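Trainee: I would like a close look at a single part of this model, and then at what surrounds it. Please take it slowly and keep to what can be checked.

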Amino acid sequence: MKAYIFPGQGAQFSGMGKELYENEAAKTLFEQANEIIGFRISDIMFSGTDEELKQTKVTQPAIFLHSVILAKTLGESFKPDMVAGHSLGEFSALVAASALSFEDGLRLVITRANAMQRACELQPSTMAAILGLADDVVESVCASIEDVVVAANYNCPGQIVISGTIEGVDAACQKLTEAGAKRALKLNVGGAFHSPLMEPARVELQEAIEKVTINPPVCPIYQNVDPVANTDPQKIKANLITQLTGAVKWTQTIERMIADGADEFVEVGPGNVLQGLVKKVNRAVQTSSAANA
């Protein structure tokens, strides 16, 4: 069975999507996106600097557009048995699987990016990658810290990203290093994504999500906060709302998809980070990029 997976923030690069623009259907979607966003995001994607691409209002819609438009150019060959997306990628997966319209998906991603930016400005916060420790050790250390710090991204076995206040993350990094972590590396991010500190953004996004129509997807979607096969629009909505303050259970998602029959994973969007994470969960499965198809 073939699973299609969609990347999240951090996968962007200058020049992304430029080749896609030569496709007539893709060109129409890029121009539609430029109109909805109110500036020519396609120009920044194709020839902008890394700094321009790093702006929150650009990064999230840019990755979403690259992923969704790439999926749409695959035409008849895009026949997913299941889909999943890492954080932001969940929105791309829902549009690719026909659960969300292109316009609604893009508007939600713009709302999400702006809401997250505002939440980051309310409280200085950060994230750190923890390498070489079991999940339960990371969880118990985070629980022992007085400041806000939680396990936010379960990326693959032995790689968890923690998220919280600057003091909380610093204290956890020190304790986790003492507990035997190979590395505790602070990330260059704007805030504590997938933690309780994103609550103001969750409230803002919930309002927008509740207004859109979500249809049953063409195949099951495995969502970040509840990685089981799901086609129920109401559950999909509830999981999307919880996602901003909940953990990205990527390891569990890939394990479950494999248990449910996935033996081939195709990454749809910029970069190849997710293929690497899949291989760390199970080396035996086949991985590829839709961009090279």
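Leaving aside neighbours within four places in sequence, which residues is Asn 153 in contact with?

Mentor: The model is predicted, and the answer should be read with that in mind. Outside its neighbours within four places in sequence, Asn 153 is in contact with His 86, Met 127, Gln 159, Ile 160, Val 161, His 194 and Val 248. Asn 153 itself sits in strand β4, residues 149-156. Its relative accessible area is 10%, so Asn 153 is buried, the cut-off being under 20%.

The sheet around this residue comes next. β4 belongs to an open sheet of four strands, in the order β4-β5-β3-β6, with antiparallel pairing. Two of these strands, β4 and β6, are at the edges, and each pairs on one side only. On average, neighbouring strands in this sheet are turned by 25 degrees against each other, direction ignored. Helix α12 packs on the sheet and touches β4 and β5. The direction of α12 makes about 85 degrees with that of β4.

Within this sheet, β3 has pairings with two strands that can be followed residue by residue. Seven bridges connect β3 with β5 (residues 159-165), and the two strands run antiparallel. One of the positions to look for is Ser 125, whose bridge partner in β5 is Thr 165. β3 also pairs with β6 (residues 183-186), again in the antiparallel sense, over four bridges. There, Ala 129 has Leu 185 of β6 as its bridge partner. β3 is mostly covered, with six of its seven residues buried. As background, side chains in a regular strand alternate between the two faces of the sheet.

Going back along the chain from β3 leads to a loop. Gln 123 lies in this loop, between α6 (102-122) and β3 (125-131). The relative accessibility of Gln 123 is 32%, which means that it counts as partly exposed. Beyond its neighbours within four places in sequence, Gln 123 is in contact with Thr 165 and Leu 197. Thr 165 has already come up as the bridge partner of Ser 125. For a sense of scale, Gln 123 and Val 281 are 158 residues apart in sequence, and their C-alpha atoms are 34 Å apart in space.

On the other side of that loop is helix α6. It has 21 residues and reaches 31 Å from its first C-alpha to its last, close to the 30 Å expected at 1.5 Å a residue. Its buried residues include Phe 102, Leu 106, Val 109, Ala 113, Met 116 and Cys 120. An α-helix has 3.6 residues a turn, so residues three or four places apart point the same way. The elements covering the buried residues of α6 include α1 (24-37), α4 (56-73), α5 (89-96), α9 (199-211) and α10 (233-243).

Of these, α1 can be described further. The axes of α1 and α6 come within 11 Å and cross at roughly 45 degrees. This makes α1 oblique to α6. The crossing is right-handed. From α1, the contact uses Leu 29, Gln 32, Ala 33, Ile 36 and Ile 37; from α6, it uses Phe 102, Glu 103, Leu 106, Arg 107 and Ile 110.

α1 also packs against α4. Their axes come within 10 Å and cross at roughly 155 degrees. α1 is therefore roughly antiparallel to α4. This crossing is right-handed too. In α1, Ala 26, Leu 29, Phe 30, Ala 33 and Ile 37 meet Pro 61, Leu 65, Ile 69, Lys 72 and Thr 73 of α4.

Last comes the other sheet that α12 touches. It is an open sheet of five strands, in the order β7-β2-β1-β8-β9, and its pairing is parallel. β7 (221-222) and β9 (286-289) stand at the edges with a single partner strand each, so one side of each has no neighbour in the sheet. Helix α12 (residues 273-281) packs on this sheet, touching β1, β8 (264-267) and β9, and its direction makes about 175 degrees with that of β9. Inside the sheet, β1 (residues 2-6) and β2 (residues 82-85) run parallel and are joined by four bridges. Phe 6 stands opposite Gly 85 in β2.

Note on methods:
Residues are numbered from 1 along each chain as its sequence is written. This is a predicted model: local features need pLDDT of at least 70, side-chain atom pairs count only at pLDDT 80 or more; totals for chains, interfaces and linings use all residues. Side-chain values use heavy atoms; hydrogens and water are left out. Buried means under 20% relative accessible area, exposed over 50%, partly exposed in between (1.4 Å probe, protein chains only). Contact means heavy atoms within 4.5 Å. The expected span of a helix is 1.5 Å times one less than its number of residues. Two strands pair if DSSP finds at least two bridges between them. Axes are lines fitted to C-alpha atoms, for helices over the stretch in contact, and angles run from 0 to 180 degrees between N-to-C directions. Angles under 35 degrees count as roughly parallel, over 145 as roughly antiparallel, 65 to 115 as roughly perpendicular and the rest as oblique. A crossing is left-handed if the near helix is turned anticlockwise from the far one by less than a right angle, and right-handed if clockwise.
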